Amino acid sequence: MKKGNLEATRRNHGNIFSIWNFDGKIAYEDIIQATEDFDAKYCVGAGTYGSVYKAILPTGHVVALKKFHQLEGEAIVDESFGNEMRVLIDIRHQNIVKLYGFCSHPRCMFLVYEYMEQGSLAHILSNQAEAVELDWLKRVNVIKSVANVLSYLHHDCIPPIIHRDISSKNILLDLELEAHVSDFGVARLLKPESSNWTSLKGTHGYIAPELAYTMALTAKCDVYSFGVLTLEIIMGRHPGELISSLTSPVGQKMLLRDMLDPRLTFPSDQKVAKDVVSVMRIAIACLRSHPQSRPTMHQVSKELLGLRPSFVEHFYTITVGDLNDIEVQYL
């Protein structure tokens, strides 16, 4: 269905069920039957605007269904549903969760996605066994994939798309632990003729500090969130207050080795060790307090794809201050 006809059809009929880019047919009845009318036992996650269900269709295909809550602030739910649908209809990227279709009805609104077997990155990092399986090389690859998606959204889409909610709960992993960015419910198109003012949206702990006082949305807001996410992946937990201390004299003396997820052994392979150092250097650059001094996601993705050798001869003695010194040369 063409995007331009979407709203008109919805106004006229109030009931749309559309599936595209899917091998086989999905009927509304199949989805209701597969989830027993969205029974709680099929629920695999919940967010601000809806709950996610796992459904096995008669064809054997497994899909994820994001069913939107029917709240009093219906306009907000409608906006989130419409945002996600409009953005995902138009974009194609191997590391963005595929949207197969949607159902829009006054009593029931849901989106149909490809199912990600390993769940969210937040879940994996919180689970001892699964976190250990996500070794250093896999973690670096997750970071590269997310950077590549954000570079695509910011620099290859016209107009640019700002995700606005990059966080570990919105990074989903498949069976091969390949990362896929999800949840475009608060995404915004950056229109050059618009002021791009915004209300404060996103996940606490990942939101760029300038949004608290300027409300001016830029691509650098996603860059900051990416920096937080990268630290979280390497540390194995959300960095929290550590972010604000990185530029302090005490923070500058902090050892890189003390920031690594203690559930993993130190990177013994020289290449992996270099990658971890480089990734941390880039993360710190993305967390600069002034948006203009942060790199673009194009620069970050390019840097990650061709990681320059970093000095790791003294891996155990590298400090945050050393990382800052390296990044000044390269970014």
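This is a short chat about strands, helices and cores in a predicted model.

User: What kind of model is this, and how are residues numbered?
Analyst: The model is predicted, so local features need pLDDT of at least 70 and side-chain atom pairs count only at pLDDT 80 or more, while totals for chains, interfaces and linings use all residues. Numbering starts from 1 along each chain as its sequence is written, and side-chain values use heavy atoms, with hydrogens and water left out.

User: Start with strand β4. Is β4 largely enclosed or not, and why?
Analyst: Strand β4 covers residues 62-68. 5 of its 7 residues are buried, so the rest of the structure largely encloses β4. Buried means under 20% relative accessible area, with a 1.4 Å probe and protein chains only. Strands are DSSP runs of E, at least two residues, and helices are runs of H or I, at least four, numbered from the N terminus.

User: Which strands pair with β4?
Analyst: β3 (residues 50-56) pairs with β4 in the antiparallel sense over 7 bridges. β6 (residues 108-114) also pairs with β4 in the antiparallel sense, over 5 bridges. Pairing needs at least two DSSP bridges between the strands.

User: Which residues face each other there?
Analyst: Lys54 has Ala64 in β4 as its bridge partner. Val63 stands opposite Glu114 in β6.

User: What about the hairpin of β3 and β4?
Analyst: That hairpin has 5 residues between the strands. Gly60 takes a positive phi near 100° there.

User: Switching to helices. How do α10 and α11 pack?
Analyst: Helix α10 (residues 270-286) and helix α11 (residues 297-305) pack at about 175°, with axes 11 Å apart. Axes are lines fitted to C-alpha atoms, for helices over the stretch in contact, and angles between N-to-C directions run from 0 to 180 degrees. The two helices are therefore roughly antiparallel, a label for angles over 145 degrees.

User: Which residues meet?
Analyst: Val279, Arg281, Ile282 and Cys286 in α10 meet Val300, Glu303 and Leu304 in α11. Contact means heavy atoms within 4.5 Å.

User: Last topic: the largest nonpolar core. Which residues touch the most other members?
Analyst: Ile91, Leu153 and Phe226 do, in a core of 87 residues. A nonpolar core is a set of buried Ala, Val, Leu, Ile, Met, Phe, Trp, Tyr and Cys residues joined through side-chain atoms within 4.5 Å.

User: What does Leu153 touch, leaving aside neighbours within four places in sequence?
Analyst: Leu153 is in contact with Ile91, Ile96, Pro160, Ile161 and Phe184. A second, separate core has 14 residues, including Tyr100 and Phe110.

Terms used. Buried < 20%, exposed > 50% of the residue type's maximum accessible area, 1.4 Å probe, protein only. Parallel < 35°, antiparallel > 145°, perpendicular 65-115°, else oblique.
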